[in-house]
Amino acid sequence: MSDVTATNQRAKRKAAGPYGKVGKALNELDDRLGVAKGGRTFMDKIFPDHWSFMLGEIALYSFLILLITGVFLTFYFIPSSAIVTYHGSYLPLDGQQVTQAFSSTVNISFAVRGGLLMRQMHHWACDIFVGALVVHMARVFFTGAFRKPRELNWTIGVTLLTLAIVNGFLGYSLPDDLVSGTGIRIAYSILLSIPFVGTYLAFFIFGGNFPGASTIPRFYILHCLIVPLIIIGLVGAHLFLLVRQKHTQFPGEGRTEKNVVGSPMFPVFMAKTTGFLFIVAGFTALLSAFAQINPIWQFGPYDASRISYAVQPDWYMGFLDGALRIWPSWSFHSFGHTIPFEVLVPALILPGIIFGLAYAWPMLERIYTKDNEIHHLLDRPSQRPKRTAVGVAALAFVTMLFIASSTDVIANFFHISLNSVLWAMRILTILVPLIAYPIAYKICKEMQGVHGAGKRKTHNIVSRTAEGEYLATPTPAYRDDLGHDLEATPVPTYIEVEPDEPDEGGVRIVDR
Amino acid sequence: MKLTSPLVRRAALWSVAGFFVLAPGAIFVGAAHGANYNPTETSRRNSGTPNSSIVVKNKAGTVIEYGNKYITYTAPPAKLDNLGEALYMENCASCHGNQADGVPANGTTGAYPDLVGLGPATIDFWVDSGRMPATDPRAIEAPRRLPRLTPNQALAIAAWVNSLAPSLPLIPSPNLANANVSDGAALFALNCASCHTIEGDGDALASSTFSPSLRHIPAFQVVEAIRTGPANMPRFTGNLSDQQVDDVTQYVTTEIEHPNNPGGFGLGGLGPVAEGFVGLLLGVGVLVLVCYWIGERQ
C-alpha cells in the first residue's frame with residue numbers, strides 16, 4: 001500500500017517538473033511581473049530570534065482586527081445626528097428620542113447578528129492596539145533601537161501612537177451615548193481654552209457650536225477614512241524602513257554591527273508570525289465574548305442637560321483625564337478675556353511636552369552623549385542606566401496621571417475621602433517619578449555587576465537517584481549564547497533549488 | 001532692573017510676608033461664612049406633594065392619606081404611637097433628645113437634627129434602611145447597613161415622631177404597574193446619574209461623602225429618598241410629579257436591579273477603569289506572554 005502511494009507521489013512530483021506545482025506557478029508569475037528578485041530578498045529577510053522583537057506585531061495584528069471589525073460596523077452604523085424615536089428590543093429606551101447614531105449602535109448590539117461581538121472586538125482590539133504600541137515603544141526605547149540610523153522610524157512610531165489615541169477617541173465618541181458625549185464636551189472645552197484662537201478652532205473642527213449636528217458625521221469620516229488612511233500609510237513606511245534598514249539585534253556571539261543573525265522570513269518567521277496573528281485574533285475574540293465593554297444602552301443617549309458621575313475615558317486618554325482632575329483651578333481673567341490655565345495646561349501643554357519630549361528624545365540623547373555612530377546592536381537596559389532611569393521615571397509619571405483619572409473609583413473602593421485621594425495623587429504624581437529614577441538607576445548599576453545577567457536562562461533537569469537524592473543538572477545554554485562560529489550565508493544571485501537537507505534550526509547569517 | 005537689586009528683593013519679601021498675613025485671614029473669613037450656613041434652616045418642613053387626587057382626613061382633620069394612581073402616601077397607624085415612643089427613647093433619644101427636637105452639634109462634625117415636622121417618610125427611610133441608629137454618631141455619613149429595627153418598629157417610631165406634630169410626606173407605596181420604564185430611564189439620566197452614576201452603582205463624592213449604590217432597595221424606599229432628600233441628596237418635590245417618581249422607581253427597581261445587559265462579565269460596572277485594567281493586564285499581558293512563548297522557540 002505505502003509502496004503504491006510512494007510511487008504515485010513520485011510520479012506526481014515528476015509531472016510537476018523540477019520546481020513543483022507552486023514553483024511552476026511562481027515561475028509563470030515571475031515571467032510576467034519579475035517578482036523573483038524582490039521576493040527572494042523579502043523571503044531572505046532575517047529576523048533576529050528574540051521574543052521582544054515580536055511585540056510590535058501585537059499592535060499590527062490588532063490593527064488588522066480593527067480594520068476588519070470596523071468595516072463590519074460601518075455596514076450598520078448610521079453617522080447622523082438626526083433625531084429618531086427608538087423602538088427596539090432594549091425596553092428602557094423604547095420611545096425615547098435619540099440620535100440615529102445612538103439608535104443604530106444599540107441596534108448593532110441587540111438586533112444585528114454577531115453585532116455586539118463585533119463591537120466588543122473592535123473596542124477590545126483598540127485597547128490592546130494602543131497598549132501594544134506602548135509596550136513596543138518601551139522596548140525600542142529601553143534597548144536604544146531608536147538611535148542612528150533609525151530616528152525617522154522612531155518619529156513615525158510616536159506619530160502612530162498619537163494618531164491611534166486620537167482615532168480611539170474619535171471612535172469612542174461615535175455612538176453618541178451619554179458617556180462619550182461628555183467626552184466630546186470636554187474635548188470641545190479643551191479647544192476653547194486655547195487663548196485667542198480657541199473659539200475659532202473649536203467652531204472650525206466641530207462645524208459650529210457643541211452640541212451640533214455636524215459633530216458625528218465629521219468624526220465619522222475622520223475615524224473611518226482619514227486617520228486610518230494616514231495610519232496605514234505610516235505603518236507601511238514603518239515596515240518599509242524596517243526592511244530597508246534591516247533589523248537590530250542584541251549583542252551575542254557572532255553578532256556584529258555588520259551583520260544580522262536570525263531566522264529568515266520564509267519559512268521560520270512566516271510560520272511564527274502567522275501563528276501569532278491567529279492567536280491575537282482568537283484571544284481578542286475570546287475576550288470580547290466573555291468581557292463586556294462600553295455598554296452604551298445602559299448609558300442612554302447624550303443630552304447636554306444630562307451627565308453621569310464617575311465617567312472616565314478609555315485608558316489611553318486616562319492620563320489626560322487624570323491631569324485635568326488633579327490640576328488646581330487656576331485661571332486668568334482680565335481685559336475681558338479668560339485664559340483657563342486649569343484646562344489649557346493639563347490638557348494641551350502637558351501632553352504637548354510629553355509627546356514633544358518623545359519626538360525629540362533621539363536628538364536629545366545624541367546631543368548629550370555626542371554619539372553620532374550608526375548602531376545596529378542594541379543596548380541591554382542595564383547598560384544605559386541613565387536612559388533606563390529616565391524612561392522609568394517618564395512611565396511612572398504617566399502611570400500616576402493615569403491612576404489619577406480614577407480618583408473617585410479609588411475613594412469609593414477604599415471608602416476614603418475623595419479630597420484626600422486628590423491631594424495624594426497631586427503629591428504622588430510629582431514624587432513617584434523622582435523616586436523611580438534613582439531606584440531604576442541603582443538597579444541598572446547593580447545588574448551590570450551580576451554575572452550572566454541578561455543572558456537567557458535554560459531549564460534545569462531535576463532527577464532523583466536510587467538513594468532518593470535530588471540532583472539539578474543544568475541544560476546547555478542557547479546556541480546563540482554559546483561560542484559558535486557563524487559564517488555568513490551567501491545571498492543567492494539567482495534562484496536555486498532549495499537544498500534537500502533542511503537548515504539546522506533555521507539560523508542564517510547574511511551580510512548587511 | 002537687576003534681580004538682585006534691593007527694591008526687587010524688598011518687594012519679594014513684602015509679598016511673601018503679605019501672603020502669610022492675609023492667608024489665615026482669608027481662611028478665617030471663609031470659616032465664619034461657612035459657620036453661618038445652617039442646612040436645617042431651609043424649608044424642610046411639611047413638604048407635601050403636588051397633584052394628589054385622593055385626600056383622606058381623620059376626625060381631627062389631619063391628612064392621613066393622599067396620592068393618586070401612581071403613588072399613595074399613608075400615615076403610620078396611630079395605634080403604634082406607644083410602641084414608637086418606647087423604641088424612640090431606647091434607640092434615638094440619646095442623640096436627638098427626648099422631645100425629638102435635636103441637640104446642637106457643638107464641636108462635632110455631624111448634626112443631631114430636629115426631627116419634629118420632618119414627616120413620617122423621612123423617619124421611616126432612615127430607620128428602615130438601617131442608617132439609623134447610626135454606627136458612629138460623629139461620622140460625616142451614616143451608611144446603609146442591615147437594619148437594626150424591623151419595618152414595623154421603624155413605622156412605630158415614625159408614628160410617634162409624627163404624633164408630636166403631624167406633617168408630610170407620609171409613607172409612600174408606589175404602584176409600579178402604572179409606571180413607564182422608558183420615561184424612568186430618561187428621568188434617571190437627567191436627575192440621578194450625576195451622583196449615583198448612570199449604572200446606579202454609586203460613587204465617592206467630595207469630602208468623605210458617598211452616593212450609595214441603588215441596588216437591592218425596596219421600591220417604597222426609593223420614593224422616600226426622592227421625596228425627602230436624605231443627607232446630601234436634594235429633595236425632589238415640585239419638580240417631579242408622582243407619575244415621574246413612579247417611573248424612576250420602576251427603572252431603579254427593575255433595570256438597575258436586573259439590567260438587560262448582554263456582552264459578558266460587566267467588570268463591576270466600573271466602566272473604562274476596569275476595562276483599561278483588563279485590556280492592559282489581561283489583553284496585552286497575555287499576548288506578551290504568547291509573544292515570549294513564540295519568540296523564544298528555535
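This is a short tour of a predicted model, with stops in chains A and B.

**Stop 1: a hairpin in chain A.** Select residues 460–464 of chain A, strand β7. Add residues 470–474, strand β8. The two strands pair antiparallel over five bridges. Zoom in on Asn460(A): its bridge partner in β8(A) is Pro474(A). Five residues lie between the strands of this hairpin. In the turn, pick Gly468(A), which has a positive phi of about 95 degrees. Now look at the cover over β8(A): none of its five residues is buried.

**Stop 2: the sheet in chain B.** Move to chain B and show the open sheet of four strands, ordered β1-β2-β3-β4 with antiparallel pairing. Select 54–57 (β1) and 171–174 (β4) of chain B: these are the edge strands, each with a single partner, so one side of each has no neighbour in the sheet. From one strand to the next, the twist averages 15 degrees. Then select β2(B), residues 63–67, and β3(B), residues 71–74; three bridges join them. Gly67(B) stands opposite Thr72(B).

**Stop 3: helices on the sheet.** Show α8(B), which touches β3 and β4 of chain B and makes about 125 degrees with the direction of β4(B). Next, select residues 242–256 of chain B, helix α9. Helix α9(B) lies across β2, β3 and β4, at about 100 degrees to β3(B).

**Stop 4: a helix pair.** Keep α8(B), residues 219–228, and add α4(B), residues 120–128. Their axes come within 9 Å and cross at roughly 125 degrees, which makes α4(B) oblique to α8(B). The crossing is left-handed. Residues to display include Phe125(B) from α4(B) and Arg227(B) from α8(B). The contact residues divide into three nonpolar, three polar and four charged.

Key:
Residues numbered from 1 in each chain as written. Chains lettered and ligands numbered in written order. Predicted model: local features only at pLDDT ≥ 70, side-chain atom pairs only at ≥ 80, totals over all residues. Buried ≥ 20, exposed ≤ 12 C-beta atoms within 10 Å, placed from the backbone. Pairing = 2+ DSSP bridges. Axes fitted to C-alpha atoms, helices over the stretch in contact; angles between N-to-C directions. Parallel < 35°, antiparallel > 145°, perpendicular 65-115°, else oblique. Left-handed = near helix turned anticlockwise from the far one by under 90°. Contact = placed C-beta atoms within 7 Å. Nonpolar A, V, L, I, M, F, W, Y, C, P; charged D, E, K, R; others polar.
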